Amino acid sequence: CREHLAEALSRDKRCAVAMTMMGHSHFLELGWHAVKADRRSMTANAKEVIAWYEKALAQRTPHVEIAQYVRLAKLYLFVDRNYEAKDTLLKACQHTPSATTWLGLGIACYRQKELDQ
């Protein structure tokens with residue numbers, strides 16, 4: 001899977017879809033979907049996944065998926081980048097409001113001691 005994504009990115013370095021898929025690939029392969037809060041040894045791996053998602057969202061025509069927002073926010077919360085998590089989850093709530101996005105936003109606000117938000 002990653003070989004094909006790498007090939008797509010070698011042909012078009014700004015392919016936001018391939019970047020998003022690369023982020024999803026790393027997220028799932030590294031087991032982030034099952035990570036508990038006490039597994040701090042995965043911080044270095046989180047930065048790699050974050051980088052792929054951020055690159056995809058920074059493109060002129062970004063490829064946006066709700067899973068991408070939720071996963072990126074989960075990683076931001078994991079590495080204590082609470083402001084970025086809040087910003088990402090606000091975008092997720094605007095894109096596709098759901099219990100997951102609102103819960104994540106509440107957690108990010110709580111961590112920033114912004115309980116009045």
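Aromatic pairs number zero in this structure, which is a predicted model. An aromatic ring does take part in another kind of contact, since the charged end of K55 lies over the ring of W52 at 4.7 Å from its centre. The protein is built from six helices and zero strands, and five salt bridges are found when the whole structure is searched.

**Aromatic rings**

- Although the count of aromatic pairs is zero, the ring of W52 has the charged end of K55 sitting over it, with 4.7 Å between that charged end and the ring centre.
- W52 also appears among the residues of a nonpolar core, the second and separate one, which has seven residues and includes M19, M22 and A56 as well.

**Fold and surface**

- Read from the N terminus, the order of elements is α-α-α-α-α-α, in keeping with a total of six helices and zero strands.
- Of the 117 residues in the protein, 38% are buried, while the area that the protein exposes comes to about 7100 Å², with 55% of it supplied by carbon and sulfur atoms.
- Among the contacts in the protein with a separation of 6 or more, 54% are accounted for by residues that stand 24 or more positions apart.

**Nonpolar cores**

- In soluble globular proteins, nonpolar side chains tend to be buried together.
- The largest nonpolar core of this model contains 18 residues, and I50, Y53 and L75 are those with the most contacts inside it.
- Helices α3 (43-57), α4 (66-78), α5 and α6 (99-111) each contribute at least two residues to this core, and α4 gives the most, with six residues.
- Separate from this largest core is a second core of seven residues, among them M19, M22, W52 and A56.

**Salt bridges**

- Side chains of opposite charge can pair when their charged atoms come close, and a search of the whole structure yields five salt bridges.
- R11 and E7 form one salt bridge, in which the closest N and O atoms are 2.7 Å apart; because the two residues are four apart in helix α1 (residues 2-11), about one helical turn separates them.
- The partners in α1 fall into two accessibility classes, as R11 is exposed at 67% relative accessibility, whereas E7 is partly exposed with a relative accessible area of 39%.
- D87 and K91 meet through their side chains in a salt bridge with an N to O distance of 3.5 Å, and since these residues are four apart in helix α5 (residues 82-95), they too are separated by about one helical turn.
- In this pair of α5, D87 is partly exposed at 31% relative accessibility, and K91 is partly exposed with a relative accessible area of 40%.
- Salt bridges with shared partners also join E54, R81 and E84 into one network.
- Within that network, the side chains of R81 and E84 meet at 3.6 Å, N to O; R81 is partly exposed at 29% relative accessibility, and E84 is partly exposed, likewise at 29%.

Definitions and conventions: Residues numbered from 1 in each chain as written. Predicted model: local features only at pLDDT ≥ 70, side-chain atom pairs only at ≥ 80, totals over all residues. Heavy atoms only, no water. Phe/Tyr/Trp six-rings, centres within 6.5 Å; stacked < 30°, edge-to-face > 60°. Lys NZ or Arg CZ within 6 Å of the ring centre and 35° of its normal. Salt bridge = Lys/Arg side-chain N within 4 Å of Asp/Glu carboxyl O. Buried < 20%, exposed > 50% of the residue type's maximum accessible area, 1.4 Å probe, protein only. Contact = heavy atoms within 4.5 Å. Areas by Shrake-Rupley, 256 points an atom, 1.4 Å probe, with all protein chains shown as cover. Core = buried A, V, L, I, M, F, W, Y, C linked by side-chain atoms within 4.5 Å.
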